[in-house]
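Open the model in your viewer and keep the selection panel at hand. The tour goes stop by stop.

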Amino acid sequence: MRNMASSSSSKGIAAVVGVGPNLGRSIARKFAHQGYTVAILASDLGRLSRFAEEIAREEKGQVFAIRIDCSDSRSVREAFEGVLSLGFVEVLVYNAYSSSSCNPASFFDIRVPSFEKSLAVSSVGAFHCAQQVLPGMVERGKGTILFTGCAASLNGAAGYTELCCGKFALRALSQCLAREFQPLGVHVAHVIIDGIIGPPRAAASSTGRSRLTSPSSTCVEELPQQQQYSGVGSGDHGSLEATASTGRGKMMMMDPDAVAQTYWHLHIQDRTGWTQEIDLRPSPPPPSIFTPSSPRTTRFF
């Protein structure tokens, strides 16, 4: 764990689990910008420390990099010992996924250890992280827990048993926690990312180094004739969305800085109108192998 700045915050801690170069980093930056001390967690501590230094420098805040393996309950406990030593965790964002689940595989080819690890990261890891922070939130009567899902959270698809099972379970966990803890002052929400997260638009425009993005439009161009995969928060942990190819057309990518704004707005919502689930997609929306066979029904509870 590294302290990246000396300034103190009057607010609680925002812990972001699953920080890669896109969405996770943008969420951490947004909360740091709003004056929160931020703990960012992922398995690659070297890269994570560089992100922490960058965010602390840009936002003049306090950022801590902490290694975590979301598939290992002991690692989660040890990581959150460090997080909780910083103070009260007011915000938990769980943005983790198992990279092995992003590759399509026949059901007969899936090995039990791989399936178990995918579930461990996608849902069991979220369970463990929530257990670490909920006692403090309940004691203070406030807090926010945000889980990142994707289109696979809603609909199954052939070849994606690991991904869909993990994301279905994460969505169920979110709903159960919302019903149990929202009456006690804890806002729990599930964010469905239905699209491809690219680099921040500002960064893509300034560097011009992204091979997949145009400086002016952040679109994927000339997609190959196969399914495309993109990690939301892409890196060591992040949610995943798989989309069908559109041939040589263009597909709008989602700006992680814009998506991070939604996470912030969920956190500051008045409790008389809390959102439990929200889905985000670019316009026009991308084609997806997870498209439901029947229209989705809005549920109120």
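Which residues form one aromatic cluster? Select Phe31, Tyr36 and Trp264: these three make up the cluster. Keep in mind that this is a predicted model.

**Stop 1: the aromatic cluster**

Show the rings as sticks. The structure holds 4 aromatic pairs. Start with Phe31 and Trp264, whose ring centres are 5.2 Å apart. Their planes stand at 75°, so this pair is edge-to-face. Now colour by element of secondary structure. Phe31 sits in helix H1 (residues 23–33) and Trp264 in helix H7 (residues 256–268). The pair links distant parts of the chain, 233 residues apart. Both Phe31 and Trp264 are buried.

Add Tyr36. The centres of the Tyr36 and Trp264 rings lie 6.1 Å apart. The planes are again at 75°, so the pair counts as edge-to-face, the cut-off being over 60 degrees. Where does Tyr36 lie? Look in the loop between H1 and strand E3 (37–42). Trp264 is in helix H7, so this pair ties together parts that are 228 residues apart in sequence.

Switch to a surface coloured by accessibility. Why does Tyr36 count as buried? Its relative accessible area is 5%, and buried means under 20%. Trp264 has 8% relative accessibility, so it also counts as buried.

**Stop 2: strand E7**

Select residues 186–193, which are strand E7. How many of its residues are buried? The count is 8 of the 8, so the strand is largely enclosed by the rest of the structure.

Show the side chains and look along the strand. Val186, Val188, His190 and Ile192 point one way. His187, Ala189, Val191 and Ile193 point the other way. In a regular strand the side chains alternate between the two faces of the sheet.

Now add strand E6 (residues 143–150). E6 pairs with E7 in the parallel sense, over 8 bridges. To check one bridge, select Phe147: its partner in E7 is His190. Then follow the chain from E6 to E7. The path runs through helix H5 (residues 161–181), and this β-α-β crossover is right-handed.

What else pairs with E7? Select strand E12 (residues 277–280). E12 and E7 pair in the parallel sense over 4 bridges. Stay on His190: its bridge partner in E12 is Glu277. His190 thus gives you a handle on both pairings, with Phe147 and with Glu277.

**Stop 3: Ala79 in helix H3**

Move to helix H3 (residues 73–85) and pick Ala79. Is Ala79 buried or exposed? At 3% relative accessibility, Ala79 counts as buried.

Which residues does Ala79 touch, leaving aside neighbours within four places in sequence? Show Leu41, Ile66, Arg67 and Ile68: each is in contact with Ala79. For a distance to draw, take the C-alpha atoms of Ala79 and Ala42. They are separated by 9.8 Å, with these positions 37 residues apart along the chain.

**Stop 4: the whole chain**

Zoom out and show the cartoon. The secondary structure comes to 7 helices and 12 strands. Of the 301 residues, 53% count as buried. Take contacts between residues at least 6 apart in sequence: 78% of them join residues at least 24 apart. Finish with the surface. The chain exposes about 13400 Å², and carbon and sulfur atoms supply 51% of that area.

How values were computed
Residues are numbered from 1 along each chain as its sequence is written. This is a predicted model: local features need pLDDT of at least 70, side-chain atom pairs count only at pLDDT 80 or more; totals for chains, interfaces and linings use all residues. Side-chain values use heavy atoms; hydrogens and water are left out. Helices (H or I, at least four residues) and strands (E, at least two) are DSSP runs, numbered from the N terminus. Buried means under 20% relative accessible area, exposed over 50%, partly exposed in between (1.4 Å probe, protein chains only). Contact means heavy atoms within 4.5 Å. Accessible areas come from the Shrake-Rupley method with a 1.4 Å probe; for residues, only the protein chains shown count as cover. Two strands pair if DSSP finds at least two bridges between them. A crossover is right-handed if, with the strands pointing away from the viewer, the path from the first strand over the helix to the second runs clockwise. Rings of Phe, Tyr and Trp (its six-membered ring) pair if their centres lie within 6.5 Å; planes under 30 degrees apart count as stacked, over 60 as edge-to-face and the rest as tilted.
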